[in-house]
Amino acid sequence: MRTPRSGRPALHGRNLVLGISGGIAAYKAAYLARRLHEAGAQVRTVMTGGALRFLGEQTMAAITGRAVVTTLFGSDQAGPSPHTELARWADALVVAPATANVLAKVANGLADDALTATVAAFDGPVVLAPAMHTEMWQQPATARNVRLLEEDGRCLVGPVAGELAAGDSGMGRMAEPEDILASVAGVFDDSLRGLTVLVTAGGTREAIDPVRYVGNRSSGKMGHELALEAARRGATVVLVTTTTPPDMPCSVEVVPVESAEDMAHQVWARASALDVAVLAAAVADFRPADVAGTKLARSDGPPRIVLEPTPNVLAGLVERKEPGTTVVGFAAETGGVDRAVRKATTYGADFVVANDVTSPGSGFGTDTNQVTIISAAGESTPLEMMTKRGVAGAIWSHVSALREDEG
Ligand SMILES: Cc1cc2nc3c(=O)[nH]c(=O)nc-3n(C[C@H](O)[C@H](O)[C@H](O)COP(=O)(O)O)c2cc1C
């Protein structure tokens with residue numbers, strides 16, 4: 001599989017401010033600066049007092065070829081007002097690593113050092129790469145700050161699960177510099193501009209009677225992140241969903257549905273107008289053959305519910321779509337993703353995104369996901385565990401690369 005993550009064209013000639021805060025991952029910021037520089041960006045660095053305990057100012061100055069800003073007052077590193085100077089110069093800010101402290105400050109508009117004052121003075125895109133021990137990441141206060149940051153439109157990349165400092169491992173490791181670079185490139189990315197994309201999300205509900213249904217545990221988060229990310233990349237989006245999404249930009253049309261049949265109708269009706277369809281919903285395979293007209297009563301004893309197959313949304317879309325439409329299926333499996341290879345090679349999707357919903361940190365209701373991309377030829381590429389937003393970005397990058405390859 002081709003992994004499109006160089007970000008070179010998007011970053012060429014851009015002015016980037018790299019903020020570094022006081023986490024152990026600060027040493028990786030030096031490599032990130034180098035990669036941003038290689039991608040053609042001009043990089044200026046602003047470091048907190050904590051960051052200076054982990055990484056030398058001179059290292060960053062040598063890599064970027066520019067003086068590093070470490071203080072707001074009493075220095076001529078960037079003139080008499082370094083934060084406004086940097087903010088006016090920058091096309092985007094990236095903070096890597098972003099400590100729990102910096103997340104809290106930025107989420108609440110605090111600006112008591114050169115880094116956070118620069119963020120406060122800047123009105124463009126801000127990419128934050130959190131890095132911290134699992135306990136710090138899982139603190140309710142940190143989770144609350146992350147929600148605020150996302151509501152404010154900040155772009156968070158990572159953290160990911162993996163090895164941490166002092167021999168520990170778990171969620172909280174900073175995203176790899178290449179993935180941060182791809183996210184920074186992403187803020188300039190309008191690779192889906194001009195395209196109409198459809199995303200399905202959530203678990204379908206198949207009525208037993210007017211009150212009860214057969215359903216599944218899908219929260220819809222993965223599909224909602226896919227819709228948001230497509231809108232960020234410039235697409236016009238139709239989101240067909242069984243669950244209520246968070247606030248969506250006006251380029252996203254939300255179409256609420258309930259059952260597999262409703263979903264099939266909505267998707268198939270739009271088939272000929274789509275450039276891309278990503279079917280992330282967990283669609284029931286079977287539904288009650290007869291739906292009771294009134295609520296079943298306990299006093300009538302346990303009902304015998306006979307099931308019948310539901311419409312196959314993916315197969316029906318492939319039949320109806322135009323030749324140039326890219327179709328992506330999802331497969332939620334348990335105990336490994338081997339069965340998803342059959343789905344990828346059978347139904348005519350361009351690729352399938354498979355995940356094992358029983359593995360920790362993956363699947364229904366979680367904020368993270370570990371997925372495997374399976375090509376139509378059955379070739380599997382597992383991605384590392386990342387946030388669902390990160391997975392959404394990787395899927396859209398793969399769609400764009402595939403469409404580019406196909407001309
Ligand atoms: C050895 C060591 C490693 C640390 N690593 C992290 C880290 O990875 N993430 C984090 O949020 N805080 C970490 N801290 C705590 C921060 O350095 C501390 O909260 C500091 O106030 C952050 O300041 P800053 O956000 O202004 O850079 C670490 C502290 C020490 C002593």
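Helix axes are lines fitted to C-alpha atoms, over the stretch in contact, and angles run from 0 to 180 degrees between N-to-C directions. The model shown is predicted: local features need pLDDT of at least 70 and side-chain atom pairs count only at pLDDT 80 or more, while totals for chains, interfaces and linings use all residues. Residue numbers start from 1 along each chain, as its sequence is written.

**Figure 1. Packing of helix α12 on helix α13.** Helix α12 spans residues 260-269 and helix α13 spans residues 313-320; helices (H or I, at least four residues) and strands (E, at least two) are DSSP runs numbered from the N terminus. The two axes lie 10 Å apart and make an angle of about 20°. α12 and α13 are therefore roughly parallel to each other (under 35 degrees; over 145 is roughly antiparallel, 65 to 115 roughly perpendicular, and the rest oblique). Their crossing is right-handed, the near helix being turned clockwise from the far one by less than a right angle; anticlockwise would be left-handed. On the α12 side the contact consists of A260, M263, A264, V267 and W268, which meet V313, G316, L317 and R320 of α13 (C-beta atoms, placed from the backbone, within 7 Å). By class, this contact of α12 with α13 has 7 nonpolar, 1 polar and 1 charged residues (Ala, Val, Leu, Ile, Met, Phe, Trp, Tyr, Cys and Pro count as nonpolar, Asp, Glu, Lys and Arg as charged, and the others, Gly among them, as polar).

**Figure 2. Shell of residues around the ligand.** The ligand is surrounded by 15 residues, of which G22, G23, T48, G50 and T99 are the closest (C-beta atom, placed from the backbone, within 6 Å). Helices α3 (49-54) and α6 (100-107) each contribute at least two residues to this shell. The most comes from α6, which gives 3 residues. The shell holds 8 nonpolar and 7 polar residues, with no charged ones.

**Figure 3. Helix α7 with its partners α6 and α5.** Helix α7 covers residues 114-121, and its axis lies 10 Å from that of α6 at an angle of about 35°. α6 passes α7 in a right-handed crossing. V102, K105 and V106 of α6 meet L115, T116 and V119 of α7. This contact of α6 with α7 comprises 4 nonpolar, 1 polar and 1 charged residues. Helix α5 (residues 82-89) also packs on α7, with the axes 8 Å apart and an angle of about 50°. That angle makes α5 oblique to α7. The crossing of α5 and α7 is right-handed. P82, H83, T84, L86 and A87 of α5 make the contact with A114, A117, T118 and A121 of α7. The contact of α5 with α7 has 6 nonpolar, 3 polar and no charged residues.

**Figure 4. The parallel sheet of 5 strands.** The sheet is open, its strands follow the order β2-β1-β3-β4-β5, and the pairing is parallel (strands pair if DSSP finds at least two bridges between them). β2 (42-47) and β5 (155-156) stand at the edges with a single partner strand each, so one side of each is left without a neighbour in the sheet. Strands β1 (residues 15-20) and β3 (residues 92-98) run parallel and are joined by 4 bridges. V17 has L93 as its bridge partner in β3. P97 is also found in strand β3, and the peptide bond from A96 to P97 is cis, with omega near -5°.

**Figure 5. The β6-β7 hairpin and the loop before β6.** Strand β6 (residues 160-163) pairs with strand β7 (residues 169-173) in the antiparallel sense over 4 bridges. E163 stands opposite S169 of β7. The hairpin has 5 residues between its strands, and A166 in the turn has a positive phi of about 55°. P159 lies in the loop between β5 and β6; the peptide bond that leads to P159 from G158 is cis, with omega near 5°.

**Figure 6. The mixed sheet of 8 strands and helix α15.** The strands form an open sheet in the order β12-β11-β8-β13-β16-β17-β19-β20, with mixed pairing. β12 (252-256) and β20 (380-382) stand at the edges, each with a single partner strand, so one side of each has no neighbour in the sheet. From one strand to the next the twist averages 15°. Strand β13 (residues 276-279) runs parallel to strand β16 (residues 326-333), joined by 4 bridges. The bridge partner of L279 in β16 is G329. Helix α15 (residues 388-405) packs on the sheet and touches β13, β16, β17 (351-356) and β19 (372-375); the direction of α15 makes about 140° with that of β16.

How values were computed. Contact = placed C-beta atoms within 7 Å.
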